Amino acid sequence: MIYAKKVTNVSFEISYTFFAWNYYLLENIVYICSRNKLRNKKMEAICALKDVYKVLYHFERQFQVSHEMTINEAMLMCCLQDGDGKSAGALCEYIGLSPSRVSKIINSVEKMGYIERSISSEDKRQMLFSLTTSGWRKITEMRKIELHIPELYAQLKSCFEKG
């Protein structure tokens, strides 16, 4: 079993680590529930998941208010912060969402003026996405705001310890 590591207070770079949490949480929920004697009590496990989703929803809402963008939009920008243009497929793989959902996120961030698209010089059929000057400014601004990951971790941990 893989366990998520405790994360310290960091800035925008934590977005990928935070979303890796979703995979760790879902991957380990069966183990955690069985450890808490919830294996045969499926409704209790669903209730524990409800609490996890509430904590994550609250965190995402706070993130959206403070950054004026969703976490998925921020993750897209995080993927592009290495300075290399990325294809829509690479963005899908990084964010972990369907192509149709990532397409909507790309359009949203593009409307904000944070990313731009260009045609690949290697394959004229492929579009590449990269940060604009405004996008780089937004990333710099986001790095200055603390995400309070230890508090989030503690809240998520308490959801699993209730059982």
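Helices α4 and α5 and the nonpolar core

In this predicted model, helix α4 (residues 88-95) packs against helix α5 (residues 99-112) at an angle of about 105°, and their axes lie 9 Å apart. Angles from 65 to 115 degrees count as roughly perpendicular, so α4 is roughly perpendicular to α5. On the α4 side, the residues that meet the other helix are Ala 88, Leu 91 and Cys 92; on the α5 side they are Pro 99, Val 102 and Ile 106. By class, this contact has 6 nonpolar residues, no polar ones and no charged ones.

The next topic is the core. In soluble globular proteins, nonpolar side chains tend to be buried together. Here the largest nonpolar core has 32 residues, and Leu 76, Leu 91 and Ile 115 touch the most other members. Two or more residues each come from α2 (42-67), α3 (71-80), α4, α5, β2 (127-131), α6 (133-143) and α7 (149-161). The largest share, 7 residues, is given by α3.

Leu 91 thus appears both in the contact of α4 with α5 and in this core. Leaving aside neighbours within four places in sequence, Leu 91 is in contact with Leu 76, Cys 79, Leu 80, Lys 86, Val 102, Ile 106 and Phe 129.

Leu 128 is placed in strand β2. Is this residue buried, exposed or partly exposed? Its relative accessibility is 22%, so Leu 128 counts as partly exposed; buried would need a value under 20%. The C-alpha atoms of Leu 128 and Leu 91 are separated by 9.9 Å, and the two residues are 37 residues apart along the chain. Leaving aside neighbours within four places in sequence, Leu 128 is in contact with Gly 85, Lys 86, Ser 87, Glu 116, Arg 117, Ser 118 and Ser 120.

Key
Residues are numbered from 1 along each chain as its sequence is written. This is a predicted model: local features need pLDDT of at least 70, side-chain atom pairs count only at pLDDT 80 or more; totals for chains, interfaces and linings use all residues. Side-chain values use heavy atoms; hydrogens and water are left out. Axes are lines fitted to C-alpha atoms, for helices over the stretch in contact, and angles run from 0 to 180 degrees between N-to-C directions. Helices (H or I, at least four residues) and strands (E, at least two) are DSSP runs, numbered from the N terminus. Angles under 35 degrees count as roughly parallel, over 145 as roughly antiparallel, 65 to 115 as roughly perpendicular and the rest as oblique. Contact means heavy atoms within 4.5 Å. Ala, Val, Leu, Ile, Met, Phe, Trp, Tyr, Cys and Pro count as nonpolar, Asp, Glu, Lys and Arg as charged, and the others, Gly among them, as polar. A nonpolar core is a set of buried Ala, Val, Leu, Ile, Met, Phe, Trp, Tyr and Cys residues joined through side-chain atoms within 4.5 Å. Buried means under 20% relative accessible area, exposed over 50%, partly exposed in between (1.4 Å probe, protein chains only).
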